[in-house]
Amino acid sequence: MESTLAIEATSLEKSFGDVRAVCGVDLAVRRGSVYGMLGPNGAGKTTTIRMLATLLRPDAGEARILGHDVVREADEVRRLMSLTGQLASVDEDLTGQENLILIGRLLGYRRSDAKQRASDLLDAFGLSEAAGRLVKRFSGGMRRRLDIAASIVVTPELMFLDEPTTGLDPRSRNQVWDIVRALSDAGTTVLLCTQYLDEADRLADGIAVIDRGKVIAEGTPAQLKASVGSGALHIRLLDPDQRPDAEPIVARILAAEVHFEPDPAALSAPCESADLAAEVVGELSRMGIRVANFSVGQPSLDEVFLALTGHTAEEQTTDDEIHQHQASRSSASSSERSHIS
Amino acid sequence: MSTPETQRTEPPTLLEPDLHKALSSSRPPRASGLSAAVSFGWRGMLKVKHVPEQLLDVTITPVMFTLLFTYLFGGAIEGSTGAYRDYILPGVLVVAVTFTTVYSGIAINTDLTKGVVDRFRSLPIWPSAPLLGALLGDAVRYLVAATVIVVLGLILGFTPDGGVPGVLASIALVVVFCFGLSWVFTTLGLLMRSPNATMNAGFMSIFPLTFLSNVYVKPETLPAGLEAFVNVNPISILTSACRDLMAGNDASGDIAITLAVAAGLTAVFLPLTTRLYRTRSA
């Protein structure tokens, strides 16, 4: 029976010595979606991905990839998925072209077909000029693209991308994002691990926020943002002297406390809807208070993360902290986990 | 999900039609275990081609050993450099090629620490293919090292009575033994933290093993305890076999033991290496 889920994980656990890297991760990822796994360094994202990609055997729990068990049917899983890990998994002592031909041959292409696949992929990824160059002379962005190309020599049904843009310049990052979108358009399910909230927000249909080895929230980016509360109206006035006059007006219409920004001409307040924001701006201009610009923004995923975990996503978590945290939390019930979807 | 305001803030360098074309590919039939191993062998050859420096280690060390031992110790140990040259040359052949097996461990550790192993492990291929394939590249190194020693010996005046067949047979025996021995170092390579640590541990074990043998001195000149060890050291047995083969004598007993040791090492360490290769993470 074909499962409608690309990834189904139940209570996955993995420890390394005393450190419980993953302690009970559940995931359900629909086929064809781009699913983001968001969390700081050391949260257990990579360990989870490595278990799902058959590289690590779970200590407990089980996972099925496109209906196949990752332990008992590892070979079938490997046929359907591919992994682009944090380290670029390409051979530095070979050329870009040789790397792709090697993977093509290993996947069963005849020599001539493997060559053709390699050159198609090099063209598509803007690497044809560097095809004959040894990978150790590639830039970080080129290496990352080659790595992704190696993962799609045969277009996989499921692609694991572990922090694909970490350490890349903005241009290379945009290129990787384009590739992820194109993959998704072609029907590949993508599991994207990232510590960049921005990246998950742009690419993912669904996000699991993972912290200290557990999924602490999941939902669409919009649901996650909604969970922290409403958005905010940001207003910048032409004349900073008018800020005290503007404050009571904004406070009255939005029925909320107004916050003065560090910028002497700027103020902000929680705002439920764009309609209310328009009303505020209209009223201000009727009262002769000139508005330079305004925006209604949803909270960023950074704020979401902070609200959910009490710390920001960029904060580093040491193994010791993980351990202590787990020990103090071991009796906590699963109701602690906020279910949004 | 689309975020038009963030796309294309910079000119695209990826060609969209190419990208989509490159993604719409078919799935070939699965590669056989043999074909996968051959592909890994091809990888090994390419590495030799792109990084020919690695052959320098393999050639310079044995040349140095031959010259050093022949001219420095030859007179003292055997009375004449010529006699000593004939005594140690088969042994130096053994030492040169066994040293090369350490590089199998370094190579696998490099793959592990650089992350390439993750790629190979996530492919639907026969688990032993990367290991057996890598041996093909190793075989090239073994043959280069062996050839260098033999050619150097001939230049220095070594005239084996066993002739070409005797020399070829001893090279073949050394290569087969080293296939077996290399699994010990691939296992080591998968257990160590870095290529450097692998190299140190590897040479630290191969040095005493080759020195505490009959390669450089006659065992009967040694203290009894040491002599007993030297006589059962597989390196001594292999060296004796090579001496006899090159001298045109019967070596079947030593050959049989050497082949049995190689088979035994393979039987123990190949499965161990395969298992570690599947489970170790960098």
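**Sheet architecture of chain A, fold of chain B and the A–B interface**

In the predicted model, strand S1 (residues 5-16) of chain A is joined to strand S4 (residues 60-65) of chain A by antiparallel pairing over 5 bridges. Within this pairing, A:Glu13 is positioned opposite A:Ala60 of S4(A). S1(A) also pairs with strand S2 (residues 19-30) of chain A, again in the antiparallel sense, over 9 bridges. Here A:Ser15 has A:Arg20 of S2(A) as its bridge partner. The connection between S1(A) and S2(A) is a hairpin with 2 residues between the strands, and A:Gly17, located in the turn, adopts a positive phi of about 60°.

These pairings belong to an open sheet of 4 strands in chain A, arranged in the order S2-S1-S4-S5 with antiparallel pairing. The edges are occupied by S2 and by strand S5 (68-69) of chain A; each has a single partner strand, so one side of each remains without a neighbour in the sheet. Helix H1 (residues 45-52) of chain A packs on this sheet, where it touches S1, S2 and S4 of chain A. The direction of H1(A) makes about 120° with that of S1(A).

Chain B contains 11 helices and 0 strands, and its sequence accordingly reads as the pattern α-α-α-α-α-α-α-α-α-α-α. The radius of gyration of chain B is 23 Å, well over the 19 Å given by the globule rule for 282 residues, so the chain is more spread out than a compact globule. Along the principal axes, the C-alpha atoms of chain B fill a box of roughly 85 × 35 × 35 Å. Of the 282 residues in chain B, 45% are buried. Among contacts in chain B with a separation of 6 or more, 80% are accounted for by residues 24 or more positions apart.

Contacts between the two chains involve 48 residues of chain A and 39 residues of chain B. On the side of chain A that touches chain B, two or more residues each are given by helix H2 (74-80), strand S6 (81-84), helix H3 (96-106), helix H4 (111-124) and helix H6 (170-185) of chain A. H6(A) gives the most to this side, with 7 residues. By residue class, the side of chain A that touches chain B divides into 23 nonpolar, 9 polar and 16 charged residues.

Key
Residues are numbered from 1 along each chain as its sequence is written. Chains are lettered from A and ligands numbered from 1 in the order in which they are written. This is a predicted model: local features need pLDDT of at least 70, side-chain atom pairs count only at pLDDT 80 or more; totals for chains, interfaces and linings use all residues. Two residues are in contact if their C-beta atoms, placed from the backbone, lie within 7 Å. Ala, Val, Leu, Ile, Met, Phe, Trp, Tyr, Cys and Pro count as nonpolar, Asp, Glu, Lys and Arg as charged, and the others, Gly among them, as polar. The radius of gyration is taken over C-alpha atoms; the globule rule is 2.2 Å times the number of residues to the power 0.38. A residue is buried if 20 or more other C-beta atoms lie within 10 Å of its own, exposed if 12 or fewer, and partly exposed in between; C-beta atoms are placed from the backbone. Two strands pair if DSSP finds at least two bridges between them. Axes are lines fitted to C-alpha atoms, for helices over the stretch in contact, and angles run from 0 to 180 degrees between N-to-C directions.
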